[in-house]
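Reader: Hey, got a minute to walk me through a fold? Put it up and start wherever you like.

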Protein chains: 2
Amino acid sequence: MKTYLDCLPCFMYQALRAGRVSTDDENKIKHLIDSVGNMLKDIPMDNTPPETGDIIYREVRKITGVYDPYKKIKEANIKEALSLYPKLKKIVYASDNRLLTAIRIAIAGNVIDLGVNKEFNIIKDLEKTLKQDFAILHFNEFVTQLEKAKSVLYLGDNAGESVFDKILIEELEKAVTYAVRDIPVINDVTLKDAIDSGLDEVAEIISSGTSAPGTILDLCNNTFLERFYRADMVISKGQGNYEGLSNVDRSLFFLLKAKCKVIANDLKVQENDIVLKAINT
Amino acid sequence: MKTYLDCLPCFMYQALRAGRVSTDDENKIKHLIDSVGNMLKDIPMDNTPPETGDIIYREVRKITGVYDPYKKIKEANIKEALSLYPKLKKIVYASDNRLLTAIRIAIAGNVIDLGVNKEFNIIKDLEKTLKQDFAILHFNEFVTQLEKAKSVLYLGDNAGESVFDKILIEELEKAVTYAVRDIPVINDVTLKDAIDSGLDEVAEIISSGTSAPGTILDLCNNTFLERFYRADMVISKGQGNYEGLSNVDRSLFFLLKAKCKVIANDLKVQENDIVLKAINT
């Protein structure tokens, strides 16, 4: 997905939020906003948003000197998600369609996103998403490909959401590889976060090799790229991965909640809609 | 009121919205956003937000070549407000406290603001505001000063809202001067808009002499300043005027709806609260 004009002010808000989480020094935050404002003219509009996100969050690290500003928030979100895990498993077991319910739960976890300009309440949003209609639901394609697949590559998105991903991975009953960001960026899931979420019990965890808040193939390492092209099935969670991969040339399933108008328009759905979208199947 | 860090990304959104209203040429809009992004580093944080607004909307005019992008929207809002006028007059006549009801109506009109990042529905917001509790209500001070006053200076805010102002001015029963922006900026009320709203029937209309979307005394002309300091009572409508005058050294009544968090925090109220606040009385 290309960068839209609406993304530009949003990058400024992201810099402000990341600056505030990193430091109380208003001068440093002002310097960061000035710097990001000055960068806008050099951002090619055919960049995907996470490519620009990568540049901006590098600037956050450089100016504030803080490597992982969302560390404590990520830990708290993982803890809260883990406390919900037993209840969510019961919901899956009690449902008529375990796989579809697990998909809903995984999408519900996608509200735990500190990149977009939204406040969230995990429990309330979860209850809502469990009842919500899908705006796009390519479930048959998902089941067909899953039945044939031996290997599944699952692209993680946010820390905390990762616990909800575990529930879906357990329902896939396949050899799953779970890909994480190489270093902390926003509240995206890293190797440590994935292990804290218990994903090492159900999947092999690999780094995508990138610090971008989304999957940009040009920035990923060879191990990841090999898995990406050789996996029988790829499941991509969240907005950042969608933004990076929406025009990719292999079959793929996007699971996400459209949390901003730009993504919603790109997907031709409404803001806050939930989506299971297949491409190239 | 000083510029807060949160104002900076908001300026970018304002540039984007004004750019879009002015032109369909995405390259021009991108150029405008780049230019505003580049300006941020030169904005002193002790500027009031409308001082910066003035600079930004000059840039909108310069880059898009459009002098009054909100012209048609302003005309439509005035037309809609005029169609509500008879109904609103009935509400005033039927109320227990005509002055307070007229104040509420004038504040309800304050939702017609295309500077802030909010969509509005005049009729729905009006109904809500008529029932809403005030977060700050210095009504006794207002009545006391009004009773003694011979001359009232009323600082207009947005076009359309101006019709609602007329209803309050009619209840004041004083010699009222209504001050407008010197040239079009966002959807702020100008001389033409004020006349289209029927304000010439109830007040003398003067220009503040400024193109800023708020009252910045340093930018106002002498005629305005004389009225400002000599008026027995000054009523200031809306956010832009509050931002410019919140620290001024004369008695003043602010009537507004707090439409963004920054203003709400500055006033120590909640977002969407309504306020009648006296200073220096």
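Author: Sure. This is a predicted model. I'd start with helix H5 of chain A, residues 98-108, lying across strands E5 (233-237), E6 (252-257) and E7 (274-279) of chain A. H5(A) runs at about 55 degrees to E6(A).

Reader: And which strands does helix H10 touch?

Author: Helix H10 of chain A, residues 222-230, packs on the sheet and touches E2, E3, E4 and E5 of chain A. The direction of H10 makes about 125 degrees with that of E4(A).

Reader: Ok, the sheet itself then. What's the strand order?

Author: E1-E7-E6-E5-E2-E3-E4 in chain A, an open sheet of seven strands with mixed pairing. E1 (134-137) and E4 (204-207) of chain A are the edge strands, each pairing on one side only.

Reader: How much are neighbouring strands turned against each other?

Author: By 20 degrees on average, ignoring direction.

Reader: In which sense do E2 and E3 of chain A pair, parallel or antiparallel?

Author: Parallel, over five bridges, with E2 covering residues 151-155 and E3 residues 175-180 of chain A. In that pair, A:Tyr154 stands opposite A:Tyr178 of E3(A).

Reader: Switching topic: how do H4 and H5 of chain A cross?

Author: Their axes come within 8 Å and cross at roughly 145 degrees, with H4 spanning residues 71-94 of chain A. The crossing of H4(A) and H5(A) is right-handed.

Reader: Which residues make that contact?

Author: From H4(A), A:Leu88, A:Ile91 and A:Val92; from H5(A), A:Arg98, A:Thr101, A:Ala102 and A:Ile105. By class, the H4(A)–H5(A) contact has five nonpolar, one polar and one charged residues.

Definitions and conventions. Residues are numbered from 1 along each chain as its sequence is written. Chains are lettered from A and ligands numbered from 1 in the order in which they are written. This is a predicted model: local features need pLDDT of at least 70, side-chain atom pairs count only at pLDDT 80 or more; totals for chains, interfaces and linings use all residues. Two strands pair if DSSP finds at least two bridges between them. Helices (H or I, at least four residues) and strands (E, at least two) are DSSP runs, numbered from the N terminus. Axes are lines fitted to C-alpha atoms, for helices over the stretch in contact, and angles run from 0 to 180 degrees between N-to-C directions. Two residues are in contact if their C-beta atoms, placed from the backbone, lie within 7 Å. A crossing is left-handed if the near helix is turned anticlockwise from the far one by less than a right angle, and right-handed if clockwise. Ala, Val, Leu, Ile, Met, Phe, Trp, Tyr, Cys and Pro count as nonpolar, Asp, Glu, Lys and Arg as charged, and the others, Gly among them, as polar.
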